[in-house]
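Biologist: Please take me through this model. I want to know what each label rests on.

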Amino acid sequence: MESQPEKLGRPRVAALDEVLGVPFRVLDDGLVRVVDYMGDDAAIVQAARVSYGAGTKAVSDDRGLIRYLVQHRHTTPLEMCELKLHVRVPMDAWRQWIRHRTASTNEVSSRYSVVTDAAQRTSPDAWRLQSDDNKQGSCGLADASLGETLSAAERELQQHARRVYEERLATGIAREQARKDLPLSTYTEAYWKVDLHNLLHFLALRMDPHAQQEIRAYATVIGQQIVARWVPLAWEAFEDFRLGAVTHSRLEQAVLAAVGGGHRDAALEAARAAGWLKPAKAGGLARNRERAECEQKLRALNLEIPWQ
Ligand SMILES: Cc1cc2nc3c(=O)[nH]c(=O)nc-3n(C[C@H](O)[C@H](O)[C@H](O)COP(=O)(O)OP(=O)(O)OC[C@H]3O[C@@H](n4cnc5c(N)ncnc54)[C@H](O)[C@@H]3O)c2cc1C
(Lines give C-alpha, C1' and ligand atoms only; values in the text may rest on other atoms or scores of the structure.)
Protein backbone atom coordinates (compact mmCIF):
# COMPACT_ATOMS: atom_id res chain seq x y z
CA MET A 1 0.00 0.00 0.00
CA GLU A 2 1.23 3.55 -0.85
CA SER A 3 2.26 5.53 2.21
CA GLN A 4 0.43 8.81 2.70
CA PRO A 5 2.52 11.88 3.63
CA GLU A 6 1.53 12.98 7.13
CA LYS A 7 -0.53 16.16 7.57
CA LEU A 8 1.54 18.83 9.28
CA GLY A 9 0.09 21.14 11.91
CA ARG A 10 0.79 24.82 12.43
CA PRO A 11 3.61 25.38 14.95
CA ARG A 12 2.26 27.01 18.09
CA VAL A 13 4.27 28.51 20.91
CA ALA A 14 2.13 28.58 24.06
CA ALA A 15 4.32 31.19 25.77
CA LEU A 16 3.92 33.57 22.84
CA ASP A 17 0.22 32.81 22.35
CA GLU A 18 -0.28 34.01 25.94
CA VAL A 19 0.87 37.51 24.97
CA LEU A 20 -0.51 37.61 21.43
CA GLY A 21 -2.13 41.03 20.99
CA VAL A 22 -1.11 42.15 24.47
CA PRO A 23 0.51 45.61 24.37
CA PHE A 24 3.93 45.93 26.01
CA ARG A 25 4.31 49.56 27.06
CA VAL A 26 7.47 51.36 25.95
CA LEU A 27 8.50 54.95 26.81
CA ASP A 28 5.64 57.09 28.10
CA ASP A 29 2.99 56.25 25.50
CA GLY A 30 4.51 53.77 23.07
CA LEU A 31 3.80 50.08 22.63
CA VAL A 32 4.83 46.87 20.92
CA ARG A 33 2.52 43.89 20.48
CA VAL A 34 2.64 40.66 18.55
CA VAL A 35 -0.01 40.49 15.84
CA ASP A 36 1.06 37.12 14.48
CA TYR A 37 4.03 34.78 14.08
CA MET A 38 5.17 31.88 11.95
CA GLY A 39 7.53 29.11 13.06
CA ASP A 40 9.31 28.27 16.28
CA ASP A 41 12.64 26.77 17.40
CA ALA A 42 11.62 23.46 15.85
CA ALA A 43 11.03 25.14 12.47
CA ILE A 44 14.65 26.35 12.50
CA VAL A 45 15.88 22.85 13.24
CA GLN A 46 13.56 21.33 10.65
CA ALA A 47 14.85 23.72 7.97
CA ALA A 48 18.47 22.97 8.85
CA ARG A 49 17.87 19.22 8.76
CA VAL A 50 15.62 19.16 5.71
CA SER A 51 18.31 17.59 3.57
CA TYR A 52 18.17 14.40 5.64
CA GLY A 53 14.63 14.57 7.05
CA ALA A 54 13.31 16.01 10.30
CA GLY A 55 14.05 12.82 12.25
CA THR A 56 13.33 12.52 15.94
CA LYS A 57 16.26 14.28 17.54
CA ALA A 58 16.29 15.08 21.22
CA VAL A 59 15.76 18.65 22.39
CA SER A 60 19.40 18.79 23.49
CA ASP A 61 20.44 18.10 19.88
CA ASP A 62 18.10 20.86 18.70
CA ARG A 63 19.72 23.27 21.11
CA GLY A 64 23.20 22.31 19.91
CA LEU A 65 22.20 22.70 16.26
CA ILE A 66 20.60 26.12 16.81
CA ARG A 67 23.65 27.28 18.75
CA TYR A 68 25.88 26.10 15.89
CA LEU A 69 23.75 27.91 13.30
CA VAL A 70 23.77 31.18 15.24
CA GLN A 71 27.45 30.96 16.14
CA HIS A 72 28.53 30.29 12.56
CA ARG A 73 25.94 32.60 10.96
CA HIS A 74 24.13 29.94 8.98
CA THR A 75 21.26 32.28 8.52
CA THR A 76 18.60 30.86 6.21
CA PRO A 77 17.07 28.37 8.72
CA LEU A 78 16.32 31.39 10.95
CA GLU A 79 14.58 33.08 8.04
CA MET A 80 11.90 30.36 8.25
CA CYS A 81 10.45 32.14 11.28
CA GLU A 82 8.53 35.41 10.92
CA LEU A 83 7.10 37.89 13.38
CA LYS A 84 4.47 40.58 12.79
CA LEU A 85 4.34 43.42 15.30
CA HIS A 86 2.11 46.43 15.84
CA VAL A 87 4.26 49.29 17.13
CA ARG A 88 3.61 52.80 18.37
CA VAL A 89 6.84 54.80 18.28
CA PRO A 90 7.90 58.47 18.38
CA MET A 91 8.89 59.60 14.89
CA ASP A 92 12.55 60.20 15.77
CA ALA A 93 12.99 56.59 16.89
CA TRP A 94 10.89 55.42 13.93
CA ARG A 95 13.25 57.24 11.57
CA GLN A 96 16.05 54.99 12.86
CA TRP A 97 13.87 51.88 12.91
CA ILE A 98 12.74 52.24 9.29
CA ARG A 99 16.36 52.14 8.09
CA HIS A 100 16.15 48.35 8.48
CA ARG A 101 15.19 47.54 4.92
CA THR A 102 14.70 43.82 5.32
CA ALA A 103 11.36 44.17 7.13
CA SER A 104 7.94 44.81 5.57
CA THR A 105 6.23 47.91 6.90
CA ASN A 106 2.87 49.61 6.73
CA GLU A 107 2.73 52.91 8.59
CA VAL A 108 -0.40 54.91 9.34
CA SER A 109 -0.75 57.64 6.69
CA SER A 110 -0.85 61.19 8.04
CA ARG A 111 -1.99 62.30 4.58
CA TYR A 112 -5.07 60.12 4.98
CA SER A 113 -5.74 60.33 8.75
CA VAL A 114 -5.47 63.04 11.37
CA VAL A 115 -2.25 62.48 13.33
CA THR A 116 -2.84 61.10 16.85
CA ASP A 117 -2.62 63.72 19.56
CA ALA A 118 0.30 62.09 21.36
CA ALA A 119 3.90 63.19 21.62
CA GLN A 120 6.65 61.61 23.67
CA ARG A 121 7.32 63.65 26.81
CA THR A 122 10.63 63.79 28.66
CA SER A 123 10.41 63.89 32.43
CA PRO A 124 12.56 66.53 34.21
CA ASP A 125 15.00 63.89 35.47
CA ALA A 126 15.56 62.31 32.03
CA TRP A 127 17.35 65.01 29.98
CA ARG A 128 20.65 63.51 28.88
CA LEU A 129 23.83 65.55 28.35
CA GLN A 130 25.97 65.40 25.21
CA SER A 131 28.82 62.90 25.47
CA ASP A 132 32.32 64.35 25.03
CA ASP A 133 33.91 61.28 23.49
CA ASN A 134 30.98 59.95 21.41
CA LYS A 135 29.52 62.53 19.04
CA GLN A 136 26.40 60.38 18.56
CA GLY A 137 25.88 59.64 22.24
CA SER A 138 24.85 61.03 25.60
CA CYS A 139 26.51 60.87 28.98
CA GLY A 140 25.04 61.77 32.35
CA LEU A 141 21.89 63.75 33.14
CA ALA A 142 21.06 67.44 33.37
CA ASP A 143 20.44 68.70 36.88
CA ALA A 144 16.92 68.85 38.27
CA SER A 145 16.24 72.59 37.85
CA LEU A 146 17.42 72.58 34.21
CA GLY A 147 15.30 69.46 33.69
CA GLU A 148 12.18 71.25 35.01
CA THR A 149 12.76 74.17 32.61
CA LEU A 150 13.36 71.87 29.63
CA SER A 151 10.27 69.76 30.31
CA ALA A 152 8.09 72.88 30.65
CA ALA A 153 9.45 74.25 27.35
CA GLU A 154 8.86 70.86 25.71
CA ARG A 155 5.23 70.82 26.85
CA GLU A 156 4.68 74.37 25.55
CA LEU A 157 6.27 73.59 22.18
CA GLN A 158 4.30 70.37 21.68
CA GLN A 159 1.02 72.06 22.61
CA HIS A 160 1.74 74.98 20.28
CA ALA A 161 2.65 72.70 17.37
CA ARG A 162 -0.54 70.70 17.95
CA ARG A 163 -2.68 73.85 18.10
CA VAL A 164 -1.21 75.16 14.81
CA TYR A 165 -1.83 71.75 13.20
CA GLU A 166 -5.45 71.63 14.31
CA GLU A 167 -6.03 75.25 13.24
CA ARG A 168 -4.73 74.42 9.77
CA LEU A 169 -7.08 71.42 9.55
CA ALA A 170 -10.01 73.54 10.77
CA THR A 171 -9.42 76.06 7.97
CA GLY A 172 -9.51 73.28 5.40
CA ILE A 173 -5.78 72.88 4.78
CA ALA A 174 -4.95 69.40 3.48
CA ARG A 175 -3.75 66.89 6.10
CA GLU A 176 -0.65 66.21 3.97
CA GLN A 177 0.48 69.82 4.35
CA ALA A 178 -0.96 70.67 7.76
CA ARG A 179 1.32 68.05 9.39
CA LYS A 180 4.62 69.55 8.25
CA ASP A 181 5.48 71.31 11.52
CA LEU A 182 4.57 68.53 13.92
CA PRO A 183 7.56 67.63 16.11
CA LEU A 184 9.58 64.41 15.76
CA SER A 185 8.34 63.43 19.22
CA THR A 186 4.88 62.74 17.72
CA TYR A 187 3.92 59.07 17.95
CA THR A 188 3.32 57.12 14.77
CA GLU A 189 1.97 53.57 14.39
CA ALA A 190 2.93 50.75 12.06
CA TYR A 191 2.75 47.07 11.32
CA TRP A 192 6.26 45.67 11.05
CA LYS A 193 6.93 42.15 9.79
CA VAL A 194 10.39 40.61 9.71
CA ASP A 195 12.05 37.20 9.67
CA LEU A 196 14.03 36.01 12.68
CA HIS A 197 17.45 36.36 11.06
CA ASN A 198 16.89 40.02 10.20
CA LEU A 199 15.11 40.64 13.51
CA LEU A 200 18.18 39.41 15.40
CA HIS A 201 20.34 41.67 13.23
CA PHE A 202 18.04 44.58 14.17
CA LEU A 203 18.24 43.64 17.86
CA ALA A 204 22.04 43.30 17.77
CA LEU A 205 22.32 46.85 16.43
CA ARG A 206 19.51 48.44 18.41
CA MET A 207 20.04 46.77 21.82
CA ASP A 208 23.69 47.78 21.64
CA PRO A 209 24.79 50.56 24.04
CA HIS A 210 25.74 52.65 20.97
CA ALA A 211 22.08 52.81 19.89
CA GLN A 212 19.93 55.71 21.10
CA GLN A 213 18.19 55.03 24.40
CA GLU A 214 14.67 55.38 22.99
CA ILE A 215 15.02 52.78 20.22
CA ARG A 216 17.01 50.61 22.62
CA ALA A 217 13.97 50.56 24.89
CA TYR A 218 11.86 49.13 22.04
CA ALA A 219 14.54 46.64 20.97
CA THR A 220 14.93 45.42 24.55
CA VAL A 221 11.20 44.78 24.92
CA ILE A 222 11.06 42.98 21.57
CA GLY A 223 14.08 40.85 22.50
CA GLN A 224 13.44 40.06 26.15
CA GLN A 225 9.63 39.97 26.18
CA ILE A 226 8.81 38.60 22.75
CA VAL A 227 11.70 36.77 21.05
CA ALA A 228 12.75 35.08 24.31
CA ARG A 229 9.21 33.64 24.63
CA TRP A 230 8.85 32.78 20.98
CA VAL A 231 12.15 31.00 20.19
CA PRO A 232 13.90 30.46 23.54
CA LEU A 233 16.72 28.33 22.10
CA ALA A 234 17.53 30.82 19.33
CA TRP A 235 17.32 33.68 21.84
CA GLU A 236 19.72 31.95 24.21
CA ALA A 237 22.17 31.35 21.34
CA PHE A 238 21.81 34.96 20.22
CA GLU A 239 22.55 36.22 23.76
CA ASP A 240 25.63 33.99 23.94
CA PHE A 241 27.09 34.40 20.46
CA ARG A 242 26.00 37.91 19.47
CA LEU A 243 24.76 40.11 22.32
CA GLY A 244 27.27 38.95 24.92
CA ALA A 245 30.09 38.13 22.51
CA VAL A 246 33.19 40.25 21.96
CA THR A 247 35.07 40.24 18.67
CA HIS A 248 38.75 41.05 18.31
CA SER A 249 40.43 42.60 15.30
CA ARG A 250 43.70 41.12 14.05
CA LEU A 251 45.59 43.89 15.79
CA GLU A 252 43.68 43.49 19.04
CA GLN A 253 44.49 39.79 19.03
CA ALA A 254 48.19 40.59 18.61
CA VAL A 255 48.08 43.00 21.57
CA LEU A 256 46.00 40.65 23.75
CA ALA A 257 48.24 37.66 23.01
CA ALA A 258 51.37 39.70 23.77
CA VAL A 259 49.96 41.11 27.04
CA GLY A 260 48.55 37.72 28.07
CA GLY A 261 51.95 36.10 27.36
CA GLY A 262 53.78 38.72 29.43
CA HIS A 263 55.43 40.34 26.37
CA ARG A 264 54.70 43.98 27.12
CA ASP A 265 57.29 45.28 24.62
CA ALA A 266 55.74 43.28 21.79
CA ALA A 267 52.31 44.68 22.69
CA LEU A 268 53.68 48.22 22.67
CA GLU A 269 55.39 47.61 19.34
CA ALA A 270 52.15 46.34 17.75
CA ALA A 271 50.24 49.36 19.10
CA ARG A 272 52.92 51.78 17.94
CA ALA A 273 53.05 50.25 14.47
CA ALA A 274 49.28 50.69 14.23
CA GLY A 275 49.60 54.41 15.01
CA TRP A 276 47.78 54.06 18.35
CA LEU A 277 50.47 55.74 20.43
CA LYS A 278 50.88 59.15 18.78
CA PRO A 279 51.50 61.92 21.33
CA ALA A 280 48.90 64.65 21.91
CA LYS A 281 50.00 68.30 21.71
CA ALA A 282 48.94 68.82 25.33
CA GLY A 283 50.96 65.79 26.48
CA GLY A 284 49.92 62.14 26.92
CA LEU A 285 48.53 60.15 24.02
CA ALA A 286 46.37 61.59 21.24
CA ARG A 287 42.79 60.30 21.20
CA ASN A 288 42.38 57.13 19.19
CA ARG A 289 39.08 55.27 18.95
CA GLU A 290 40.56 51.86 18.13
CA ARG A 291 43.04 52.08 21.00
CA ALA A 292 40.21 53.08 23.38
CA GLU A 293 38.16 50.03 22.30
CA CYS A 294 41.17 47.76 22.79
CA GLU A 295 41.64 49.23 26.28
CA GLN A 296 38.03 48.32 27.13
CA LYS A 297 38.64 44.75 26.00
CA LEU A 298 41.87 44.48 28.00
CA ARG A 299 40.05 45.76 31.11
CA ALA A 300 37.23 43.25 30.59
CA LEU A 301 39.81 40.46 30.63
CA ASN A 302 41.58 41.89 33.69
CA LEU A 303 44.71 42.45 31.62
CA GLU A 304 47.18 45.29 32.01
CA ILE A 305 47.01 48.16 29.49
CA PRO A 306 50.65 48.24 28.39
CA TRP A 307 50.79 51.92 27.35
CA GLN A 308 49.31 53.27 30.57
C1 LIG B 1 24.31 53.08 16.41
C2 LIG B 1 23.92 53.39 15.00
C3 LIG B 1 24.24 54.61 14.45
C4 LIG B 1 23.86 54.91 13.14
N5 LIG B 1 24.18 56.14 12.61
C6 LIG B 1 23.77 56.45 11.36
C7 LIG B 1 24.06 57.74 10.80
O8 LIG B 1 24.68 58.58 11.42
N9 LIG B 1 23.60 58.02 9.56
C10 LIG B 1 22.91 57.10 8.82
O11 LIG B 1 22.52 57.40 7.69
N12 LIG B 1 22.63 55.87 9.32
C13 LIG B 1 23.04 55.53 10.55
N14 LIG B 1 22.73 54.29 11.06
C15 LIG B 1 21.96 53.36 10.24
C16 LIG B 1 22.84 52.23 9.67
O17 LIG B 1 23.83 52.74 8.80
C18 LIG B 1 21.96 51.22 8.91
O19 LIG B 1 21.35 51.86 7.82
C20 LIG B 1 20.86 50.63 9.77
O21 LIG B 1 21.39 50.23 11.03
C22 LIG B 1 20.26 49.42 9.07
O23 LIG B 1 21.21 48.39 9.08
P24 LIG B 1 21.29 47.33 7.94
O25 LIG B 1 21.42 47.99 6.60
O26 LIG B 1 22.38 46.37 8.30
O27 LIG B 1 19.88 46.61 8.11
P28 LIG B 1 18.83 46.09 7.01
O29 LIG B 1 18.44 47.22 6.12
O30 LIG B 1 17.76 45.33 7.71
O31 LIG B 1 19.69 45.09 6.17
C32 LIG B 1 20.14 43.88 6.74
C33 LIG B 1 21.31 43.40 5.93
O34 LIG B 1 20.82 43.09 4.61
C35 LIG B 1 21.81 43.46 3.65
N36 LIG B 1 21.23 44.50 2.75
C37 LIG B 1 20.02 45.09 2.89
N38 LIG B 1 19.81 45.94 1.87
C39 LIG B 1 20.92 45.89 1.10
C40 LIG B 1 21.33 46.55 -0.08
N41 LIG B 1 20.57 47.43 -0.71
N42 LIG B 1 22.55 46.26 -0.59
C43 LIG B 1 23.36 45.36 0.01
N44 LIG B 1 23.03 44.71 1.14
C45 LIG B 1 21.83 44.97 1.68
C46 LIG B 1 23.02 43.99 4.41
O47 LIG B 1 23.90 42.92 4.65
C48 LIG B 1 22.42 44.44 5.72
O49 LIG B 1 23.33 44.44 6.80
C50 LIG B 1 23.12 53.96 12.35
C51 LIG B 1 22.82 52.72 12.93
C52 LIG B 1 23.20 52.43 14.22
C53 LIG B 1 22.84 51.08 14.80
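Modeller: Start with the domains: their bounds come from an automatic or database domain assignment. For this chain the assignment gives domain 1 (14-114 + 185-243), domain 2 (124-181) and domain 3 (250-300). The model is predicted; local features need pLDDT of at least 70 and side-chain atom pairs 80 or more, while totals for chains, interfaces and linings use all residues. Residues are numbered from 1 along each chain as its sequence is written.

Biologist: What separates the centres of domain 2 and domain 3?

Modeller: A distance of 42 Å, taken over C-alpha atoms.

Biologist: What makes β1 and β2 count as paired strands?

Modeller: Strands are DSSP runs of E, at least two residues, and helices are runs of H or I, at least four, both numbered from the N terminus. Two strands pair if DSSP finds at least two bridges between them. β1 and β2 (residues 30-38) have 3 bridges, antiparallel, so they pair by that definition. Arg25 of the pair stands opposite Leu31 in β2. The two strands form a hairpin with 3 residues between them, and Leu27 in the turn has a positive phi of about 55°.

Biologist: How do you know that the other strands pair?

Modeller: Apply the bridge count again. β2 and β3 have 7 bridges, with Val32 partnered by Val87 in β3. β3 and β7 have 9 bridges, and Lys84 is partnered by Lys193 in β7. β4 and β7 (residues 187-195) have 4 bridges. There, Thr105 has Trp192 as its bridge partner, and Asn106 stands opposite Tyr191. These three pairings are antiparallel.

Biologist: Why is the sheet called open?

Modeller: The 5 strands run in the order β1-β2-β3-β7-β4. β1 (24-26) and β4 (104-107) are the edges; each has a single partner strand, so one side of each lacks a neighbour in the sheet. From one strand to the next, the twist averages 25°.

Biologist: What lies across β3 and β7?

Modeller: Helix α7 (residues 196-206) crosses β3 (82-90) and β7, at about 130° to β7. That angle is taken between N-to-C directions, from 0 to 180 degrees, of axes fitted to C-alpha atoms, for helices over the stretch in contact. Contact means C-beta atoms, placed from the backbone, within 7 Å.

Biologist: How do you know that α5 has close to its expected span?

Modeller: The expected span is 1.5 Å times one less than the number of residues. α5 (residues 144-170) has 27 residues and reaches 39 Å from first C-alpha to last, close to the 39 Å expected. Just after α5, Gly172 takes a positive phi of about 95°.

Biologist: What makes a residue part of the shell around the ligand?

Modeller: Its C-beta atom, placed from the backbone, must lie within 6 Å of the molecule. The residues that qualify include Arg99, His100, Gln136, Asn198 and His210. By class, the shell has 2 nonpolar, 6 polar and 2 charged residues. Here Ala, Val, Leu, Ile, Met, Phe, Trp, Tyr, Cys and Pro count as nonpolar, Asp, Glu, Lys and Arg as charged, and the others, Gly among them, as polar.

How values were computed. Two residues are in contact if their C-beta atoms, placed from the backbone, lie within 7 Å.
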